[in-house]
There are 4 protein chains.
Amino acid sequence: MLYIGVIGTGECTASEASLAEEVGREIARRKAVLICGGRRGIMEAAAKGAKEAGGLVIGILPGKSRQEGNPYLTVALATGLGDARNAVIACACDVLIAIYGGYGTLSEIGLALKMGKPVVGLFTWELVQKEKRSFAVHQARSAVEAVELAIQLA
Amino acid sequence: MLYIGVIGTGECTASEASLAEEVGREIARRKAVLICGGRRGIMEAAAKGAKEAGGLVIGILPGKSRQEGNPYLTVALATGLGDARNAVIACACDVLIAIYGGYGTLSEIGLALKMGKPVVGLFTWELVQKEKRSFAVHQARSAVEAVELAIQLA
Amino acid sequence: MLYIGVIGTGECTASEASLAEEVGREIARRKAVLICGGRRGIMEAAAKGAKEAGGLVIGILPGKSRQEGNPYLTVALATGLGDARNAVIACACDVLIAIYGGYGTLSEIGLALKMGKPVVGLFTWELVQKEKRSFAVHQARSAVEAVELAIQLA
Amino acid sequence: MLYIGVIGTGECTASEASLAEEVGREIARRKAVLICGGRRGIMEAAAKGAKEAGGLVIGILPGKSRQEGNPYLTVALATGLGDARNAVIACACDVLIAIYGGYGTLSEIGLALKMGKPVVGLFTWELVQKEKRSFAVHQARSAVEAVELAIQLA
């Protein structure tokens, strides 16, 4: 069974949420487990999409309480690790899909790439390493393309 | 939904495994999620009992690879945290049941009690704090008693 | 250079502090680095003893801010890991001295023993593993005895 | 006392090492503590520069053994956390200087920015968040400029 991480910010617009929800739905349809940070925004939208399509959704929370989890998680894990939980998310997944995203998402991308996990991006950070010009994140243009690319890369 | 941790060593005798399996089964029958360290021994036996009774079992692994998980986990989370994953197990549960157990189990008992989570013991460490004589682990005598006590305490 | 951990509660009586301070002083006199949890009580007293004797003291804090460190630390490291920082303390030391102590101390003893690090106790937890009757913590009666025993065991 | 993190890869060219060493030296001259990942490459060069200028250098290692630390650390802390130790580095510093760097460095930049810590870059990742075009890393052109900028920002 494939574990696909969906990473993104805890706040987002309705159209960003709609994209994340579609990503979640496509993951569940392909019988993969969705791993996320368990909170609001992109994480909640992806969890909603997967949950409503009958998928298994694990939220790996930074705080000490499950109460901070969104309502669409099959299992909410309170880690108490703070931002170090980002490393746990990256470690637990086979492949990650970054949707938009801020600094936390950036750190998860970095951690995943460090661990050798492929990362697919949907309108997320463009990473250019000065002088080396590496583009490590595989850019996709739609939810379906992102999930199919993720499964292919994993 | 209640999250019950089952903690114990990665190696155990057949009769110890049998007790752990019964604990897992009783947890699943009561529709609680079983959280464990995901490896062999007591963890595997409890996971087997819960899985076969239709329960949801989460294994929180110390290493970087899901391959080290036992075959009865609904979801195996590779944390890469080493022994620090014991703190994640304690944090993620509402209550823990310690079955026999070595030093790792001892650390999880300590972490859980520090976080204010109740711990039920089945033939596990007896903890006596010198001069204060505190007995912090609630001792049970059977799998059913342990699970019922855990649910009551949570 | 030897790294000796001193573990104990964040609150203590004046006589407990006095013992911890003596332990810290003896550690510094033997040119070992003192590692502790960085907070008040036993940790602060041990840090004070070592600092005043010219020793190097590292505090590994659970929270996100150095402000929670006591004033006797050479370096205060805010980890943001919560109670999982106990595993870092155990991992960073060659040997640990537990002075009195509550559940957090118990967890550090368990983690250290799991990692194969010797633990010396001064009026701390007595650990009896049911049926196996193991006494894993080396009991000492005085600060000097504890530090000498720790150095011998490391 | 200011804590300045120096982050970069575990392998580097001689000229990259020379720049890192100068950064370390400038940090020590300004009486700041240098925090790094404790290993080879950029980390070792920066540690060397600081140590030889009389500075205090803390290495926060990913593994379980101090042996993996470079020889210029005042204190080497084995965390056993794997890549999650990157979050500890970011948390422990007031400001970070990224020198060149790969994916691990990228994750540390993301974690630091997420925690609200300023990051100064020397020939490191250029971060462009699609559509928002944020440039979160303060670019410097020399070791002295980087350290002075870091102190100003902290």
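## Exercises on strands and symmetry

**Exercise 1.** Take the open sheet of 7 strands in chain B and give its strand order and its pairing.

*Solution.* Start with the order: S4-S3-S2-S1-S5-S6-S8 in chain B. Next, the pairing: it is parallel. Strands here are DSSP runs (E, at least two residues), numbered from the N terminus. Two strands pair when DSSP finds at least two bridges between them.

The model is predicted: local features need pLDDT of at least 70, side-chain atom pairs pLDDT 80 or more, and totals for chains, interfaces and linings use all residues. Residues count from 1 along each chain as written, chains are lettered from A and ligands numbered from 1 in written order, and side-chain values use heavy atoms, without hydrogens and water.

**Exercise 2.** Which strands stand at the edges of the sheet in chain B, and why is one side of each left without a neighbour?

*Solution.* Look at the two ends of the order S4-S3-S2-S1-S5-S6-S8 in chain B. Strand S4 (75–78) and strand S8 (138–140) of chain B are the edge strands. Each has a single partner strand, so one side of each has no neighbour in the sheet.

**Exercise 3.** How many bridges join S1 to S5 in chain B, and which residue does Ile4(B) stand opposite?

*Solution.* First locate the strands: S1 covers residues 3–7 of chain B, and S5 covers residues 95–99. They run parallel and are joined by 4 bridges. Then find the partner: Ile4(B) faces Val95(B) in S5(B).

**Exercise 4.** Work through the sheet of chain C: give the order, the edges and the bridges between S3 and S4.

*Solution.* The order in chain C is S4-S3-S2-S1-S5-S6-S8, an open sheet of 7 strands with parallel pairing. At its edges stand strand S4 (75–78) and strand S8 (138–139) of chain C. Each of these has a single partner strand, so one side of each lacks a neighbour in the sheet. Now step inwards from S4(C). Strand S3 (residues 57–61) of chain C runs parallel to S4(C), with 4 bridges between them. In S4(C), Leu77(C) is the bridge partner of Ile60(C).

**Exercise 5.** What rotation and shift superpose chain A on chain D, and which residue of chain A comes closest to the axis?

*Solution.* The rotation is 180 degrees, with 0.0 Å of shift along its axis and an RMSD of 0.0 Å. That is the relation of a two-fold axis. The fit is by least squares on C-alpha atoms of residues with pLDDT of at least 70 in both copies. Ser107(A) lies closest to the rotation axis among the residues of chain A, with its C-alpha at 2.0 Å.

**Exercise 6.** Report the confidence scores of the model and the mean pLDDT of chain A.

*Solution.* The model scores are ipTM 0.95 and pTM 0.97. Chain A has a mean pLDDT of 95. In that chain, 95% of the residues reach 70 or more. The pLDDT scale, the predictor's confidence in each residue, runs from 0 to 100.
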